[in-house]
Amino acid sequence: MRILISGASIAGPVLAYWLTRHGYSVTVVERAPALRSTGGHAVDLFRPAMDISEKMGVLPRITERATGTSRMVLHPEGGRRSVRVELATIFGATSDRHAEIMRDDLSEIYYDATRNDVEYVFGDSVTAISPDGEVRFEHAAPRRFDLVVGADGLHSAVRRLVFGDESGFSAFTGAYLAVLTLPETFGVDRELHIHVGVGRTAGMYGERHRGEARALFLFRGDRELAYHHRDIAHQKELLRTAFRGFDSEVQEWLAELDRTPAFYFDSITQLRMDTWSRGRVTLVGDAGYCPGPAVGGSTTLAVIGAYVLAGELARAGGDHERAFPAYERAMAAHVRGSHAVAASAAKTLIPTSRLGVTGLVQATRLLSVLPASASRAFLRLTTTSARVYNSMTVDDYAPTIADSSTTRVTR
């Protein structure tokens with residue numbers, strides 16, 4: 001059985017890994033000319049994703065490449081006193097197994113685990129999919145596949161081709177996210193600095209492995225902004241406008257906009273679909289059920305989804321008419337929980353009032369002075385996201401073959 005995956009970021013390579021372990025022949029097509037190695041932001045892997053990564057044999061590399069950020073300094077708008085808290089207090093209380101890692105590093109780790117067993121095609125994209133599995137590409141000649149999986153993110157081309165325009169499934173949360181790369185000199189060793197005000201939050205942290213720093217911006221809009229997701233110049237101007245007059249340190253970060261080697265800007269949007277499958281095509285990760293970039297734990301959800309999809313296909317013997325509904329049933333509760341967490345997290349991270357800013361500052365200050373045991377108890381009671389992600393469970397889908405590099409199913 002020949003399976004095409006569109007997208008080589010997170011869900012794509014994880015899905016490819018498990019499909020090959022179950023004996024299928026896999027091709028991954030990626031629009032970018034090479035694996036992305038600059039830009040991106042730090043993402044969280046919670047216990048279920050860590051467990052799956054351990055099964056893949058890549059956990060040591062993930063641990064090695066973890067950001068190592070250990071302290072958070074919160075700066076309230078208006079010159080009020082800053083608050084410093086050890087992140088170990090937060091992560092230790094909210095997850096019994098957790099890693100923070102740069103998204104591009106994680107993508108590279110998963111890619112390396114599959115590159116010898118999977119055909120990767122970079123610099124191309126899917127332009128048409130016929131009901132019988134013929135796929136047309138922007139550059140390459142048409143090819144026929146038994147199944148096609150869209151793992152190509154929030155703005156999925158596969159989803160658009162099969163299900164229609166994105167606007168029919170997207171739910172705007174009222175907020176936006178931007179990330180830019182800064183010179184290493186901006187970073188403070190192992191510290192995350194966050195400036196928070198009404199309707200806007202900005203943070204910066206060093207990236208010790210790459211010798212860079214990242215600045216992350218979250219802000220709310222009174223209305224949905226009009227921009228094209230490839231119009232970088234317009235996006236930068238929107239970001240400058242949103243943070244005009246905000247803290248002087250934040251203005252120093254924004255001054256690097258025209259020099260940054262990597263920039264990302266998008267709305268924090270959830271995808272809500274009744275089904276992620278149609279005919280021979282299905283979706284995984286952000287392409288099918290994005291909970292919201294930066295607020296919803298989408299990376300953990302993508303890893304889980306990829307593992308479950310591959311496992312259900314193997315369990316059904318490659319019969320997608322049985323496997324796709326089983327995959328959707330297995331993921332439904334996880335997706336609902338993730339969407340709910342994202343909506344709550346967005347309100348906390350981007351306060352809508354001065355009272356909200358004060359509440360965030362006071363909660364952080366409380367964590368900084370409570371004894372460790374009391375801090376952990378407080379966080380277990382108040383941190384919804386960790387409870388949701390750590391409670392996610394999946395079946396153990398044992399691979400049908402020991403080494404996919406020597407055996408493949410080509411039905």
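1. The six-stranded sheet. In this predicted model, six strands form an open sheet. Their order is β7-β2-β1-β11-β18-β17, and the pairing is mixed. The edges are taken by β7 (119-122) and β17 (277-278). Each of these two strands pairs on one side only.

2. Strands β1 and β2. Follow the order given above and β2 sits between β7 and β1. Strand β1 covers residues 2-6 and runs parallel to β2, with five bridges joining the two. One place to look is I3, which stands opposite V26 in β2.

3. How covered is β2? Strand β2 spans residues 25-30, and six of its six residues are buried, so the strand is largely enclosed by the rest of the structure. The side chains split into two sets: S25, T27 and V29 point one way, while V26, V28 and E30 point the other way. All of them are buried, on either side. Note that E30 is in the buried set.

4. Strands β11 and β18. Further along the sheet order, β11 is followed by β18. Strand β18 (residues 281-283) runs parallel to β11, and three bridges join them. V148 has V281 as its bridge partner in β18.

5. The loop after β11. Which residue is worth checking between β11 and α6? S156 lies in this loop, with β11 at 147-150 and α6 at 157-163. S156 has a relative accessible area of 2%, so it counts as buried, the cut-off being under 20%. The side chain of S156 reaches the backbone nitrogen of R159, at 2.9 Å. Leaving out residues up to four places away in sequence, S156 touches L283 and A287. L283 falls within β18, which covers residues 281-283.

6. The three-stranded sheet. A separate point concerns an open sheet of three strands, in the order β8-β9-β10. Its pairing is antiparallel. β8 (126-129) and β10 (143-144) stand at the edges, each with a single partner strand, so one side of each has no neighbour in the sheet. Strand β9 (residues 134-137) meets β10 in the antiparallel sense over two bridges. In one of the pairs, E134 has R144 of β10 as its bridge partner.

7. Helix α5. Is this helix mostly covered or mostly open? Helix α5 (residues 103-112) is mostly covered, with seven of its 10 residues buried. The buried ones are D104, D105, L106, S107, I109, Y110 and Y111. Acidic D104 and D105 are thus listed beside L106 and I109.

8. S170 on β12. S170 is found in strand β12 (residues 170-183). Its relative accessibility is 29%, so S170 counts as partly exposed. Compare S156, which is buried at 2%. S170 touches T269, Q270 and L271, not counting residues up to four places away in sequence. The C-alpha atoms of S170 and I268 are separated by 9.9 Å, although the two residues are 98 apart along the chain.

9. The cavity. How many cavities of 30 Å³ or more does a search of the whole structure find? The search finds one. The largest cavity has a volume of about 40 Å³. E77, R80, V196, G197, V198, R354 and V357 line it. Two elements, β13 (191-197) and α12 (354-369), each supply at least two residues of this lining.

10. The second largest pocket. This pocket has a volume of about 230 Å³. Two elements give two or more residues to its lining: β15 (212-220) and α7 (232-242). The largest share, three residues, comes from α7. The full lining is G199, F219, R220, G221, D222, R223, L225, L238, T241 and A242.

11. The overall picture. The protein has 14 helices and 18 strands. Of its 411 residues, 55% are buried. Among contacts between residues at least 6 apart in sequence, 75% join residues at least 24 apart. The contacts of S170 with T269, Q270 and L271 give an example to view. The protein exposes about 17200 Å², and carbon and sulfur atoms supply 50% of that area.

Key
Residues numbered from 1 in each chain as written. Predicted model: local features only at pLDDT ≥ 70, side-chain atom pairs only at ≥ 80, totals over all residues. Heavy atoms only, no water. Helix = DSSP H or I, 4+ residues; strand = E, 2+ residues; numbered from the N terminus. Buried < 20%, exposed > 50% of the residue type's maximum accessible area, 1.4 Å probe, protein only. Polar contact = N/O pair within 3.5 Å; in protein donor to acceptor, adjacent residues only side chain to side chain. Contact = heavy atoms within 4.5 Å. Pairing = 2+ DSSP bridges. Areas by Shrake-Rupley, 256 points an atom, 1.4 Å probe, with all protein chains shown as cover. 1 Å grid on protein atoms, 1.4 Å probe; cavity = no way out; pocket = protein on both sides within 12 Å on 5 of 7 lines; lining within 4 Å. Points joined across faces, edges and corners; volume = space filled by probe spheres on them.
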